[in-house]
Amino acid sequence: NTAYFFKWGKETGLQRLLDKKCDYIVLQEVWDSEDRFEDISNVRNTYFKDYYFYNYGEFLIFARKEAIISEKRSTSNGFLSINTTFNGKPLEITSVHLWNPITNMPRRVNNTFKLIPANIARATQKKELLEYLSKENKKDVTSIIVGDFNTMQNGKVIRDIATIQNRRYSFI
């Protein structure tokens, strides 16, 4: 949960990431990242000058300044995905956070919060994620899918991703 990472120990954590010389940095649970644009810009300007950043909801992805073909933002707050190139080949990086199956999901609508039942929120996010990953044009694209699926190691959503017919995964 990087919300805590940004409150305590942020500088140490960011310096460690910088020292690793990562091509991509995927942070999650950076709550309300759209409202923290200035903070995130300052982090980029201080630590990751050679990176672009993509933020949406709780998702934040830093990517080295290479060709970004597109980004896809989930309408249900379930994922953020970027399509880029790595070593001249297409690469898709998708950060996922599926809502937990126990508590209702708060959703801001016109500056007020509305609660969506957990089963509906989770089902909507899962459906949107699987539809996105199933698109035919993704068949030959190397994909990295990371995040919090709020499930067991071999949970249903993991099995569903692994069995998408037009995708091949070397590691799940």
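**Exercise 1. Work out why strand β6 is largely enclosed by the rest of the structure.**

Start by finding β6, which covers residues 89–97 in this predicted model. Next, go through its residues and ask which ones count as buried, meaning under 20% relative accessible area. You should end up with 7 of the 9. So β6 is largely enclosed by the rest of the structure, because 7 of its 9 residues are buried.

**Exercise 2. Find the strands that pair with β6, and say in which sense each pair runs.**

Take β5 to begin with, at residues 79–86. Strands β5 and β6 run antiparallel, and 8 bridges join them. For a concrete example, pick T85: its bridge partner in β6 is P90.

Now look at β9, which spans residues 142–148. Here the pairing with β6 is parallel, over 7 bridges. One bridge to check by eye links L91 to T142 in β9.

Put the two steps together: β6 has an antiparallel pairing with β5 and a parallel one with β9.

**Exercise 3. Look at the hairpin of β5 and β6 and pick out a residue there with a positive phi.**

Count what sits between the two strands: 2 residues. Then check the backbone angles in this hairpin, and you'll land on N87, whose phi is positive, near 55°.

**Exercise 4. Place G57 in the fold and decide whether this glycine is buried or exposed.**

First, locate G57: it sits in the loop that connects β2 (51–56) with β3 (59–64). Second, read off its relative accessible area, which is 17%. The cut-off for buried is under 20%, so G57, at 17%, is buried. Third, try a distance: the C-alpha atoms of G57 and E29 lie 8.3 Å apart, while the two residues are 28 positions apart in sequence.

**Exercise 5. Step back and describe the whole protein: its elements, its burial and its contacts.**

Count the elements and you get 5 helices and 9 strands. Walking from the N terminus, the order is α-α-β-α-β-β-β-β-β-β-β-α-β-α. Of the 172 residues, 41% are buried. The exposed area is about 10200 Å², with 52% of it supplied by carbon and sulfur atoms. As for contacts with a separation of 6 or more, 55% join residues 24 or more positions apart.

**Exercise 6. Say where the model's confidence is lowest and where it is highest.**

Begin with the average: pLDDT is 85 across the protein, and 88% of the residues score at least 70. Then go element by element. Helix α1 (residues 2–7) has the lowest confidence, with a mean of 64. Helix α4 (residues 118–133) has the highest, at 95.

Conventions. Residues are numbered from 1 along each chain as its sequence is written. This is a predicted model: local features need pLDDT of at least 70, side-chain atom pairs count only at pLDDT 80 or more; totals for chains, interfaces and linings use all residues. Side-chain values use heavy atoms; hydrogens and water are left out. Helices (H or I, at least four residues) and strands (E, at least two) are DSSP runs, numbered from the N terminus. Buried means under 20% relative accessible area, exposed over 50%, partly exposed in between (1.4 Å probe, protein chains only). Contact means heavy atoms within 4.5 Å. Accessible areas come from the Shrake-Rupley method with a 1.4 Å probe; for residues, only the protein chains shown count as cover. pLDDT is the predictor's confidence in each residue, from 0 to 100. Two strands pair if DSSP finds at least two bridges between them.
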